[in-house]
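Colleague: Could you take a close look at a single part of this model for me, and then place that part in its wider setting?

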Amino acid sequence: MLTFIIRRLLLSIPVLIAATFLIFVFVSVSSNPLAQLYQNPHITRAEIKTIAHAKGLDQPVVERYWVWVKEAVLHKFGTGLTSPLPIWPQLTRVLGHTLQLLVSVLVLSVLIGVAVGIFSAIRQYSIFDYTATTLSFIGFAMPVFWIALILQVIFTDIWVSWHVRIFYTSGLSSVDPGHGFHFLLDRAQHLALPVIALCMLSVAGYSRYMRASMLEVINSDYTRTARAKGLPEWRVIARHVFRNALIPLTTQIALDFGGLFAGAVVTEQIFALDGMGKFYITALFAGDPYPVMAWLVVVAIMVILFNLLADILYGFLDPRIRYE
Amino acid sequence: MSKAASAEPAGIGALQGPDESAFETGLDLVARSQWWYARHRFLRHRMAMASLVVLTIIFLAGAFAHELAPYGRDNLDLQALSQPPSWHHLFGTDQLGRDYFSRTLYGIQSTEKVSLLVAFIATALGVVVGAASGYYGGWLDNILMRITDLFLVVPALAVLLVAAKYLGHGSAFRIAIILGLLFWTNIARIVRGSYLSLKEKEYVEAAKALGSGDLRIIFRHILPNTIGPIVVSATLLTGLAILTESVISFLGFGILPPTPSLGNLISDGEAAGLSLWWLVTLPGLTIVLIILCVNFVGDGLRDALDPTQRRVRA
């Protein structure tokens, strides 16, 4: 198992290098990263020259990439072009916030999606099943940013009309969030709407997926055997069907993780959450390639780790799969 | 022909439809192509047909926005600022007095321009590369698979935003090219998969024995047998393109105002303040309706063109 993990991690290094190299070259070739600095009247030409030299901008692209890699590895991504603040502390701060959001989304949407999927499958063609199917079709068709805005409209309206604060519609914390339990409650009230917005699509997907894979297992031979030997139905479902139906879902969840980061970009922008997404959009608008590159590396590493975790879980859930 | 045989069970019910008279005489059986069965299955798919009608109406309305829009695209009406929806202004007006129904029609126009172009670029590129890499294998296949690996690691939306930022954005044409260049790998993967399995079939061997060249085998013999999955994924890709275009336009990296697109209409609406709820809600509902229809049409096409892939029916 350990050799498997190590080999997988080693194999993902070339992919990471290729991805960062391509994006770096693309960004460097298609624009002049110093253009933003020349527009700023407070920065002298001499200062720009020092910055350009430090980042290797007076050298060819490959050299520049090498300078960037060295800085990324040795100095934790160093600083951006336009601001003297180091990137790493900012990135870890926003990563923490985004993980709070994404882990809540993941846990909630898997729980709800799996529950709905199971119930749809064991009561196939029931009213519940049809309702769930219809809702999931609608869920697939809704852009995440639109759901987020609609939620914001509704809850702003509730606050304005009745002065009832159910969920906050922007930000991550109140001005004075308090301590302990009050802090947690405040954070939950802030995160609730983004979590709901992001959950819609995931729940729609996971419930359909779980339903399909449950139905496949329900119609399999070993389920018939389990029933034939006289097991009670709940036991057939819980021990034989449910466990086996979960296996394909784990891969799906892990593969979706990158998409979840993308969804977070839009959602955080709308709810003004100080997270990875907002960081990314701000950096892009500022025209500073270095925070953008750092963001991409961190997200890529998260995605790689998640895929690895899924593969490990996969072997754990399905003993037929062996990693040599 | 093996495919036609597997399509048979669905076709038997269909035989009793319009051509019962042929059976009564007991004579001349009508020879039916696979396409006949596919068309028949699609026409009987009620949800898909209804969606196709709605989709056609929406797309035509967008295409003829110049004739149909009750007001000009950027006409300001200072007598009617921030009006909620009414019979005069079906989708209301924004804080500048622009009629949002007209703007939504024009928005549909730019959105459909983008999405159809994306579907075309991605399908053309995906089919050629996928076919070549599936049929020949080798270095081309290796490169294709490595590119796919890259997209597994970095979220597509992030790459898209970088591309839009640095290649320049704004016009529908540019956005379409960027999206197309990003999405072609989806189709290429699917096409590659079918070519990998189909090139081992007996009819390919027969064609080779008869002396057909590679190009003839790729386009005349294998391609018609993969057309089902290609059409289905091209349809679903159109939906994905519409969603993605609306997201990047919303974030300000796509089609830029004053040219409306369904995405930037929503972000304009958000900027106008959430009390003008109709500015956010109604263009969004338009997107939802379009995507719903595209997905249903895609489902219908899958059932019609790909009878071997029987999903668990909803």
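**A residue of chain B and its setting**

Modeller: In this predicted model, B:Leu223 is found in helix H11 of chain B. B:Leu223 counts as partly exposed, because 17 C-beta neighbours lie inside 10 Å, and a residue would need 20 or more to be buried. Separation along the chain and separation in space can both be given for B:Leu223 and B:Trp278, which are 55 residues apart in sequence and, C-alpha to C-alpha, 47 Å apart in space.

The wider setting is the meeting of the two chains, where 32 residues of chain B are in contact with 41 residues of chain A. On the side of chain B that touches chain A, the elements giving two or more residues include helix H11 (214-251), along with helix H7 (138-153) and helix H13 (277-305). The largest share of that side, nine residues, comes from H13(B), and by class its residues divide into 25 nonpolar, four polar and three charged.

Chain A offers a packing of two helices to set beside this. The axes of helix H9 (residues 221-228) and helix H10 (residues 233-271) of chain A come within 10 Å and cross at roughly 150 degrees; an angle over 145 counts as roughly antiparallel, and H9(A) and H10(A) are therefore roughly antiparallel to each other. Their crossing is right-handed. To this contact H9(A) brings A:Tyr222, A:Thr223, A:Ala226 and A:Arg227, while H10(A) brings A:Val236, A:His240 and A:Val241, and the contact has four nonpolar, two polar and one charged residues.

Methods. Residues numbered from 1 in each chain as written. Chains lettered and ligands numbered in written order. Predicted model: local features only at pLDDT ≥ 70, side-chain atom pairs only at ≥ 80, totals over all residues. Axes fitted to C-alpha atoms, helices over the stretch in contact; angles between N-to-C directions. Helix = DSSP H or I, 4+ residues; strand = E, 2+ residues; numbered from the N terminus. Parallel < 35°, antiparallel > 145°, perpendicular 65-115°, else oblique. Left-handed = near helix turned anticlockwise from the far one by under 90°. Contact = placed C-beta atoms within 7 Å. Nonpolar A, V, L, I, M, F, W, Y, C, P; charged D, E, K, R; others polar. Buried ≥ 20, exposed ≤ 12 C-beta atoms within 10 Å, placed from the backbone.
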